[in-house]
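Visitor: I'd like a close look at one part of this protein, the sheet, and then a walk outward from there. Could you take me through it slowly?

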Amino acid sequence: MTPDQKALVTATVSTLKEHGVALTTHFYRRMFEHNPELKNVFNIGNQQNGKQQMALAMAVLAYAENIEDPSVLVHAVTKIGHKHVSLDIRPEHYAIVGRHLIASIGEVLGEAATPALLDAWATAYGELAGLMSGLESGLYQQAANQAGGWTGWRPFVVKQKVAESAEITSFYLYPADGGQVAGFQPGQYVSLRLFLPELNLFQPRQYSLSSAPNGEYYRISVKKEAGSQHPDGMISNRLHDFVAEGGIVELAAPAGDFTLATTKQTPVVLVSGGVGQTPLLSMLEYLVATGSNREVMWVHGSRNAQVHAFREPVAQLAAHHDKVQHHIFYDTLAPGLEQEGCYEGLVDLNKLNGGSLMPEADYYVCGPAPFIRKQVQDLSALGVPRAAIHFEEFGPATLSV
């Protein structure tokens, strides 16, 4: 990009702050009207609840704000790249998106969208698309080259369906072709694709892998969303209600950069809320299965014992491994649970170990956005360095803490 083009892009920052969501909403509407086949690629639930429009608006704004030095966005770009690979996004998709994005800028800004401005944004988008395509090409090659690896969508059989709580069910997924499954890093996810008759579309969703790598199967543990029309629950509820043992689902290869640093020897603190425990459970099982000597603290919050998935398995792991501490918070504490070491209320790290946490530990936090925000703020107040705090928000990234 020329200096003049960068200046034109930077000049749109204030407009993007004020009208970014209106722009991205118009963009998605336009793209789906002209390329309806892409409805099979994008999460329609996140279109309905506005999360996707907000996430894209924030990404476009961040790119405009950092057009002079996009390298500061490397973490965000890497996270998006993993998500794109898990959805089988290919270079040709960037051409379609770019065409509609530039057209949308022109249509939303009207007379303010001069030919020079549109040309500047087209150049900026082209550079970003090239960067993303190169990153994703490497991730595709990495996925395909490992034992049991693949790219695109691969059929898997549901061999076991196990209720873990009143809301969460685990699905044990084995390759339909009888082949190997690729390894993965504890904390990663897979994309699962199903056909939804009510939408007449294929729809993908990401689910964290909830077990340690084992070479035979993948396990995902899925929460059933209350209300059949819940936009986030279209796939999750169908898995619960219609996909039985012996059923077939399609998976993309494991992806994601929220992963356990397996080469370190520092203590590990795993902090989760609700179904956010799933990637952390993979980390915990991995640490135990590999005989790690690292100190581990498991901290989990749930509404009550009835909806608390994996309560007994985690308690047993903690009971049989002296390196594992185990702390549970319930919104409502039933009689007798105080004796089991449970706490009442939201997860509060200040209540643990007299308010002193493990020195030199790495902290992994997962759950809803408000939960993550609180835990990161509490950890910072306790003096934990930001570099030692790792978090994952389910769904399109909208959180900045």
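Guide: Happy to. One definition before we start: two strands count as a pair if DSSP finds at least two bridges between them. Also keep in mind that this is a predicted model.

Now the sheet. It is open and has six strands, which run in the order β4-β3-β6-β1-β2-β5 with antiparallel pairing. Look at the two ends of that order: β4 (201–208) and β5 (218–223) are the edge strands, and each has a single partner, so one side of each has no neighbour in the sheet. The sheet isn't flat-on either: on average, and ignoring direction, neighbouring strands are turned by 40 degrees against each other. As background, strands of a sheet pair through backbone hydrogen bonds, either parallel or antiparallel.

Zoom in on one end. Here β2, residues 168–175, pairs with β5 in the antiparallel sense, over six bridges. To find your place in that pairing, look for T169, which stands opposite V222 in β5. Packed on the sheet you'll also see helix α8, residues 234–242, which touches β1 (154–163), β2, β3 (189–196), β4, β5 and β6 (248–251). The direction of α8 makes about 75 degrees with that of β3.

Before leaving the strands, stop at the loop between β3 and β4, where N200 is found. The phi of N200 is near 60 degrees, a positive value in a residue other than glycine. With 57% relative accessibility, N200 counts as exposed, because the cut-off for that is over 50%. You can spot a similar case elsewhere: D88, in the loop between α5 and α6 (91–109), has a positive phi of about 60 degrees and isn't a glycine.

That brings us to the helices. Helix α5 (residues 74–86) packs with helix α7 (residues 115–145) at about 60 degrees, and their axes are 9 Å apart. The two are therefore oblique to each other, and their crossing is right-handed. On the α5 side, the contact is made by V77, T78, I80, G81, H82, H84 and V85, while α7 brings L131, M132, L135, E136, L139 and Y140. Sorted by class, that contact has eight nonpolar, four polar and one charged residues.

Helix α7 has another crossing to show you. The axes of α7 and helix α4 (residues 51–65) come within 12 Å and cross at roughly 100 degrees, which makes α4 roughly perpendicular to α7. From α4, the residues in contact are V60, Y63 and A64, and from α7 they are W121, A124, E127 and L128. This contact divides into six nonpolar residues, no polar ones and one charged.

Follow A64 and W121 a bit further, and you reach T12. Leaving out residues up to four places away in sequence, T12 touches A64, L117 and W121. T12 sits in the loop between α1 (3–10) and α2 (13–34), and at 10% relative accessibility it counts as buried. Its C-alpha atom is 52 Å from that of E245, which is 233 residues away along the chain.

One last stop: Q47, in helix α3 (residues 44–48). Q47 counts as buried, at 13% relative accessibility. Setting aside neighbours within four places in sequence, Q47 is in contact with Y28, F32, Q52 and Q53.

Terms used:
Residues numbered from 1 in each chain as written. Predicted model: local features only at pLDDT ≥ 70, side-chain atom pairs only at ≥ 80, totals over all residues. Heavy atoms only, no water. Helix = DSSP H or I, 4+ residues; strand = E, 2+ residues; numbered from the N terminus. Axes fitted to C-alpha atoms, helices over the stretch in contact; angles between N-to-C directions. Contact = heavy atoms within 4.5 Å. Buried < 20%, exposed > 50% of the residue type's maximum accessible area, 1.4 Å probe, protein only. Parallel < 35°, antiparallel > 145°, perpendicular 65-115°, else oblique. Left-handed = near helix turned anticlockwise from the far one by under 90°. Nonpolar A, V, L, I, M, F, W, Y, C, P; charged D, E, K, R; others polar.
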